[in-house]
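Visitor: Please take me through a single part of this model in close detail. I would like one connected account.

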Amino acid sequence: MLPSQISQEAKSSIYQGRFSYWKASILSVLVVIAAFFTGYFADKSFFDFSGLNLKSSLVLLACSVIFLALFLLVTLFIEKKGLLAAIVVLSALAFFVVFLPAFNLIVALSGLVTIILFLSAVLAGRAELEALFLTEIWTKIIP
Amino acid sequence: MISRGLFEGTLSASSKILKPLMGDLDFSLSLREISTRLVADQIKNQPSLIGPVVSLAQKELTERSIAGFQQQFKSIFGISINPDAKLSVALYDGFLSKINGLKKESRNLLIGVFAFLLFLTVQALSPFIRLIATALAFILYELLMVFGFGALVFESQSKEKIVLP
């Protein structure tokens with residue numbers, strides 16, 4: 001959507017400071033579910049492996065793509081950094097839930113690294129957006 | 001750390017890739033089957049051997065080849081190999097015994113190296129994955145905007161910026 005397409009309603013800043021938590025929750029739940037399934041199929045493919053086959057690789061690829069797409073949307077729409085960080089940590093934990101039965105120091109460290117990677121990715125994304133939108137145009141979840 | 005299935009699958013895939021270097025080595029066969037096949041190939045190229053001598057020589061050479069390999073395997077991995085078990089299984093057990101024999105620090109380091117390799121593999125694939133994910137995210141974004149989930153908002157609030165020259 002180009003800036004010229006912004007409606008007059010939006011230009012009058014009626015959404016200033018308003019935020020739809022229920023819409024943010026929907027996005028959050030979706031990204032957490034996608035993270036869980038990506039972790040589940042990663043576990044199935046790499047650690048509970050039953051033969052290198054095209055099907056399992058494609059399923060893992062599809063899950064990763066959906067998760068990343070939702071991750072991008074969450075970064076774009078949810079401007080509240082605290083909430084964003086909480087969602088990202090939750091999704092990293094959901095990604096690692098399936099590895100918990102084999103919990104050890106390595107799993108704990110990998111989980112920590114995943115949380116740090118997810119957080120740095122989302123913060124870098126947010127910083128990119130802030131640098132990109134130096135004008136006052138923002139994508140917002142509207143109530 | 002790595003399941004038997006993953007190890008066997010990786011070996012099977014790498015044997016296909018390394019075929020020009022290693023020849024036609026099938027890790028799903030047992031040591032006895034591989035030795036028999038190799039010896040049979042060698043005997044085929046010896047026209048001087050005929051009749052019952054062939055089968056006798058074949059048996060003898062196979063046994064010798066198995067014994068030689070078993071000795072080498074024991075010197076490398078420290079365990080003896082069952083000639084009737086699949087080669088991939090024997091190698092897995094060999095590596096497992098070698099890893100279990102390592103000190104805890106070395107074992108953790110090895111696991112760390114494996115995790116790092118896995119990370120690099122995913123990183124290598126990431127440009128391709130990123131491309132598809134971005135396209136999907138854009139479609140979802142446009143759909144969400146069309147259905148009123150979000151809007152482009154013009155902020156009138158001024159922002160202060162302090163720039164240090």
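**Helix 6 of chain B**

Guide: B:Gly148 sits just after helix 6 of chain B and takes a positive phi of about 80 degrees. Helices here are DSSP runs of H or I with at least four residues, strands are runs of E with at least two, and both are numbered from the N terminus. This is a predicted model: local features need pLDDT of at least 70, side-chain atom pairs count only at pLDDT 80 or more, and totals for chains, interfaces and linings use all residues. Residues are numbered from 1 along each chain as its sequence is written, chains are lettered from A and ligands numbered from 1 in the order in which they are written, and side-chain values use heavy atoms, leaving out hydrogens and water.

Now the helix itself. Helix 6 covers residues 104–146 of chain B. A kink of about 50 degrees lies at B:Ser126, shortly before the proline B:Pro127. The bend at a residue is the angle between axes fitted to the seven residues ending there and the seven starting there.

B:Ser126 is also buried. So are B:Ile111, B:Ile129, B:Ala133, B:Ala137, B:Tyr141, B:Leu144 and B:Met145. Buried means under 20% relative accessible area, exposed means over 50%, and partly exposed lies in between, with a 1.4 Å probe and protein chains only. An α-helix has 3.6 residues a turn, so residues three or four places apart point the same way.

Next, the surface. B:Phe119 belongs to helix 6 of chain B. B:Phe119 counts as partly exposed because its relative accessibility is 37%. B:Phe119 is one of the residues in a nonpolar surface patch of about 740 Å². Its partners are A:Val113, A:Leu117, B:Leu109, B:Val113, B:Phe116, B:Leu117 and B:Leu120. Two elements give two or more residues to the patch: helix 5 (105–132) of chain A and helix 6 of chain B. Helix 6 of chain B gives the most, with six residues. Patch residues have over 30% relative accessible area and no salt bridge; like charges are joined within 9 Å, and nonpolar side chains (Val, Leu, Ile, Met, Phe, Trp, Tyr) within 5 Å. A salt bridge is a side-chain nitrogen of Lys or Arg within 4 Å of a carboxyl oxygen of Asp or Glu. Areas come from the Shrake-Rupley method with a 1.4 Å probe, and for residues only the protein chains shown count as cover.

Last, the setting. Chain B has six helices and one strand. From the N terminus, the order is α-α-α-α-α-α-β. Of the 165 residues in chain B, 25% are buried.
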